[in-house]
Amino acid sequence: MRLLNTVSRRHCRVALAAVMALFLAATLSVTVNAPALAQESPQQLRESPTGGQVPGNTLGGTSDTEFWRAIRSGAQGTVSIPDKNAGTLVQSEGETWRALRNGPLSTWGAWGLLGMIVLLALFFLVRGRIRIEHGWAGRTIVRFGEFERMGHWLLAVSFIILGLTGLNVLYGRYVLLPVIGADAFAALSLWGKLAHNYVAFAFMLGLAYIFVMWVANNIPNRHDVIWLLKGGGLFSKHSHPPARKFNAGQKILFWLVILGGVSISLSGIALMFPFQTSLFAKTFAILNVFGAGLPTDLTALQEMQLAQLWHAIMALILIIAILGHIYIGTIGMEGAFDAMGSGEVDLNWAKEHHSIWVEEMEAAERSRTGGAAAEPAE
């Protein structure tokens, strides 16, 4: 028995030594042969994954760079689900859209808004409030009737709601989120999105309303040239260029709001009803008639990305312009708010800023009543 135990222990030692020897030999073999991998034979080189071929068809027959380039360019595959847009594996324009939206668009938009506010503040400090030079006359003249004011406020209120909720989409996460917290910001953004979508139709209605009411009064005429050359009298206390019901500045704003409003409405409809329109492809096709050279073979996703960028650009331009309009209509000019408040303005204010219109109104009144019309302002 003792002899068997001795032999058994010797066998274990021998087996252990053999295992260690094999392990050491394998390690040395790998170490010695590793540098030789850099000196493969031509046959071995042909087995490496070059020329678009995958050795052994492990990952498929080919790995053509053109195939992956097509995928990167947005090649459309087939899917069994209803949303066929899911067939696009990689949509590189999404990266471009995100870079533009979060980069130049947001940055320049913020500078534009801040720049307008600073400019108006400086103008107020230097020029002060534009007063009625001849003082209050104590008599008024009807500037806008009820239906005109209703159309203006329908457009104005809806635009303010759309502007605030739209700015929240673009800047809310940077401005509001750190202040009010994630939960409050999420609730505010949800209700803001709903308000934005539904109030948009009130804005479109107001846009059509004021166009029908005022388009005839906003056709440019020779008096507008004089008004522009004199800067509208905004930079001088004794300059009051003649104007009809709307001066050149108001006409510029009117057409900016109408054309910009139509444009922003069309892009907004495209966003509310996604993948249903080809607004930009058709627009580019028209522009290409004049040699623009714009792409017309746009995918549904590209249409949506362009619509979102254009919607934001036009919104920022309109907001910046309307800030100036709000300033002049409130603290910037004495007596101006009454035009859209009560609808009646002081006679001297009217004579100073819309002298031709006052003359036309007085002439109409005289012909209607056969009597003398208002005087003040000398």
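This section describes the fold content, the nonpolar cores and a nonpolar surface patch of a predicted model.

The secondary structure of the chain consists of 14 helices and 2 strands. Of its 378 residues, 31% are classed as buried. Among contacts with a sequence separation of 6 or more, 73% join residues that lie 24 or more positions apart. The accessible surface of the chain amounts to about 24,000 Å², and carbon and sulfur atoms contribute 69% of this area.

In soluble globular proteins, nonpolar side chains tend to be buried together. The largest nonpolar core in the model comprises 46 residues, of which Phe203, Trp214, Trp349 and Ala350 touch the most other members. At least two residues of this core are supplied by each of helix 4, helix 5 (146-175), helix 7 (182-214), helix 9 (248-272), helix 11 (300-332), helix 12 (338-341), helix 13 (347-353) and helix 14 (355-369). The greatest contribution to this core, 10 residues, is made by helix 11. When residues up to four places away in sequence are disregarded, Phe203 touches Leu155, Ser158, Phe159, Leu162, Gly261, Ile264 and Ser265. Another core, of 6 residues, lies apart from the one containing Phe203; its members include Ala270, Phe280, Ala281 and Leu298.

On the surface, Trp111, Leu114, Val118, Leu122, Phe124, Leu125, Val126 and Ile331 form a nonpolar patch of about 870 Å². Helix 4 (residues 93-127) provides the largest share of this patch, with 7 residues. Leu122, one of the patch residues, is located in helix 4. Because its relative accessible area is 48%, Leu122 is classed as partly exposed, the category between under 20% and over 50%.

Terms used:
Residues are numbered from 1 along each chain as its sequence is written. This is a predicted model: local features need pLDDT of at least 70, side-chain atom pairs count only at pLDDT 80 or more; totals for chains, interfaces and linings use all residues. Side-chain values use heavy atoms; hydrogens and water are left out. Patches are made of residues with over 30% relative accessible area and no salt bridge: like charges are joined within 9 Å, nonpolar side chains (Val, Leu, Ile, Met, Phe, Trp, Tyr) within 5 Å. Accessible areas come from the Shrake-Rupley method with a 1.4 Å probe; for residues, only the protein chains shown count as cover. A salt bridge is a side-chain nitrogen of Lys or Arg within 4 Å of a carboxyl oxygen of Asp or Glu. Helices (H or I, at least four residues) and strands (E, at least two) are DSSP runs, numbered from the N terminus. Buried means under 20% relative accessible area, exposed over 50%, partly exposed in between (1.4 Å probe, protein chains only). Contact means heavy atoms within 4.5 Å. A nonpolar core is a set of buried Ala, Val, Leu, Ile, Met, Phe, Trp, Tyr and Cys residues joined through side-chain atoms within 4.5 Å.
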